[in-house]
Amino acid sequence: MHQGYNVAKPPPVRISGQGLLTDADGRVLTVRPTYLPDEVDPNHWYQIVGGHAEENEWYGDAAEREVHEETGLRLVRGRLLVIDRIDAKPPTEQDKGRALGYNFVLDFGTVPADTTIRLPAPSGAGESPELDDYLFLADDELEAHCQDYMVKRIRWARRARASERTFELHRGELVQR
């Protein structure tokens with residue numbers, strides 16, 4: 001028996017399936033969620049497409065579902081590019097905290113120039129939409145629109161695509177073994 005581990009009540013873990021989509025110029029598709037921390041500039045919170053896996057959902061299926069839900073595109077996932085671990089953060093009086101998370105970034109290829117991106121509509125009457133904007137960003141535009149860990153995750157995903165490798169990250173930083 002493992003000490004400190006309760007098999008009946010394991011610690012929470014967030015699993016996310018994300019997609020690297022680029023246009024013909026190599027720019028990365030990013031989306032802006034509306035659920036932002038108050039102190040964050042919304043123009044500096046773009047992310048690659050994707051989101052949380054549902055209960056018992058495989059990360060690859062979650063990535064395909066999220067790409068479709070967030071863009072309107074039905075694309076077939078490619079290979080795994082990046083696994084990025086984000087540590088748990090205990091709750092405080094100011095912050096509800098978060099569970100340990102694993103973000104799996106898969107390759108969804110290049111979208112044709114004439115592709116229409118459709119952000120999701122609000123889920124109910126009077127609700128805000130989950131996403132309110134998207135941008136295709138060149139490498140030199142990432143810092144102006146994305147959080148630091150997301151810039152790193154995107155760059156490692158692009159390296160993985162080019163090298164046919166998969167990289168393990170910890171909050172955007174390469175894990176050296």
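A residue counts as buried when its relative accessible area is under 20%. In this predicted model, D107 comes in at 15% relative accessibility, so D107 goes down as buried. D107 is part of strand 5, which runs over residues 100–110. And who are its companions there? Setting aside the neighbours within four places in sequence, D107 touches L20, V76, R77, G78, R79, L81 and R161.

Strand 5 also takes part in some ring pairing. A pair of aromatic rings can be summed up with the distance between the centres and the angle between the planes. Four aromatic pairs turn up in the model. One of them joins Y59 and F104, whose rings are stacked, with 4.0 Å from centre to centre and 10 degrees between the planes. This pair ties together distant parts of the chain, as Y59 belongs to helix 1 and F104 to strand 5, 45 residues apart. Are these two partners buried or exposed? Y59 has 19% relative accessibility, and because the cut-off for buried is under 20%, Y59 counts as buried. F104, at 13%, is buried too.

Another pair, Y134 with F136, is edge-to-face: the centres are 6.4 Å apart and the planes make an angle of 85 degrees. Y134 has 30% relative accessibility, so Y134 is classed as partly exposed; that label covers the range between under 20% and over 50%. Back with the stacked rings, Y59 and F104 also have company, since W58 joins them in one aromatic cluster. A ring can have a charge for a partner as well: the charged end of R159 sits over the ring of W156, 4.2 Å from the ring's centre.

Then there is the empty space. Rolling a probe the size of a water molecule over the atoms shows where such space is left. The largest pocket holds about 1,100 Å³ of it. Which elements give two or more residues to the lining of this pocket? They are strand 1 (13–22), strand 3 (47–52), helix 1 (59–71) and helix 3 (148–163). In total, 32 residues line the largest pocket, and those nearest its centre are R14, Y35, W45, R98 and Y149. Sorted by character, the lining is made up of 14 charged, 10 polar and eight nonpolar residues. Helix 1, one of the elements of this lining, is also the helix that holds Y59 of the stacked pair.

Key
Residues are numbered from 1 along each chain as its sequence is written. This is a predicted model: local features need pLDDT of at least 70, side-chain atom pairs count only at pLDDT 80 or more; totals for chains, interfaces and linings use all residues. Side-chain values use heavy atoms; hydrogens and water are left out. On a 1 Å grid over the protein atoms alone, a cavity is a set of points where a 1.4 Å probe fits but cannot get out, and a pocket is an open set with protein on both sides within 12 Å along at least five of seven lines; lining residues have an atom within 4 Å of a point. Grid points are joined across faces, edges and corners, and a volume is the space filled by probe spheres set on the points. Helices (H or I, at least four residues) and strands (E, at least two) are DSSP runs, numbered from the N terminus. Ala, Val, Leu, Ile, Met, Phe, Trp, Tyr, Cys and Pro count as nonpolar, Asp, Glu, Lys and Arg as charged, and the others, Gly among them, as polar. Buried means under 20% relative accessible area, exposed over 50%, partly exposed in between (1.4 Å probe, protein chains only). Contact means heavy atoms within 4.5 Å. Rings of Phe, Tyr and Trp (its six-membered ring) pair if their centres lie within 6.5 Å; planes under 30 degrees apart count as stacked, over 60 as edge-to-face and the rest as tilted. A charge sits over a ring if NZ of Lys or CZ of Arg is within 6 Å of the ring centre and within 35 degrees of the ring normal.
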